[in-house]
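Subject: Structure handover

Hello,

Here is the structure I promised to pass on. Please open it alongside these notes.

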Amino acid sequence: MNQQDARRAVEAAIGKVAPDVEPGDLDGAARLRQDLELDSLDFLHLVEVIAESTGVDIPEADYPAVATVGGLVTYIAGRG
């Protein structure tokens, strides 16, 4: 999966978990929990939606690597 496909997958997943966030306005440096105000359950739901839509499982040990929109896109692109 390339960066563009990964970006689309992340935008779609965020749209499902946090429908009030405009996916097109997502900055790569935006922190999922702080800037997008995803609580811990929302974050876990996001990880689940990503796994279902892309087949990329994100183990808990890798959560720091996917703390931002850009980090999540890069992670998925590297494993998808």
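Below is what turned up, element by element.

This is a predicted model, in which local features need pLDDT of at least 70, side-chain atom pairs count only at pLDDT 80 or more, and totals for chains, interfaces and linings use all residues. Residues are numbered from 1 along each chain as its sequence is written, and side-chain values use heavy atoms, with hydrogens and water left out.

Helix α1

Helix α1 covers residues 3-17 (helices are DSSP runs of H or I, at least four residues, numbered from the N terminus). Its 15 residues reach 21 Å from first C-alpha to last, close to the 21 Å expected at 1.5 Å a residue. The expected span is 1.5 Å times one less than the number of residues. In α1, A6, A9, V10, A13, I14 and V17 are buried (under 20% relative accessible area, 1.4 Å probe, protein chains only). They cover an arc of only 130 degrees around the axis (taken from the directions from the helix axis to the C-beta atoms), so they lie on the same side of α1. Q4 and K16 are exposed (over 50%) on the other side. The buried residues of α1 pack against α2 and α3 (contact means heavy atoms within 4.5 Å). N2 caps the N-terminal end: a side-chain oxygen lies 3.0 Å from the backbone nitrogen of Q4.

Aromatic residues

There is 1 aromatic pair in the structure (ring centres within 6.5 Å). The rings of F43 and Y63 have centres 5.0 Å apart and planes at 80 degrees, so the pair is edge-to-face (planes over 60 degrees apart). F43 lies in helix α2 (residues 40-54) and Y63 in the loop between α2 and α3 (69-79), so the pair ties together parts 20 residues apart in sequence. F43 is buried, at 6% relative accessible area.

I58

I58 lies in the loop between α2 and α3. It is buried, at 7% relative accessibility. Leaving aside neighbours within four places in sequence, I58 contacts V47, I50, Y63, V66, L72 and Y75. I58 and I76 are 18 residues apart in sequence, and 8.9 Å apart C-alpha to C-alpha.

T54

T54 is in helix α2. It is buried, with a relative accessible area of 17%. A polar atom of the T54 side chain lies 2.6 Å from the backbone oxygen of I50. The backbone nitrogen of V56 lies 3.1 Å from a polar atom of that T54 side chain. Neighbours within four places aside, T54 contacts M1, A9 and I76.

Best wishes

Terms used. Rings of Phe, Tyr and Trp (its six-membered ring) pair if their centres lie within 6.5 Å; planes under 30 degrees apart count as stacked, over 60 as edge-to-face and the rest as tilted. Helices (H or I, at least four residues) and strands (E, at least two) are DSSP runs, numbered from the N terminus. A polar contact is a pair of N or O atoms within 3.5 Å; within protein, one must be able to donate a hydrogen and the other to accept it, and residues adjacent in sequence count only if both atoms are side-chain atoms.
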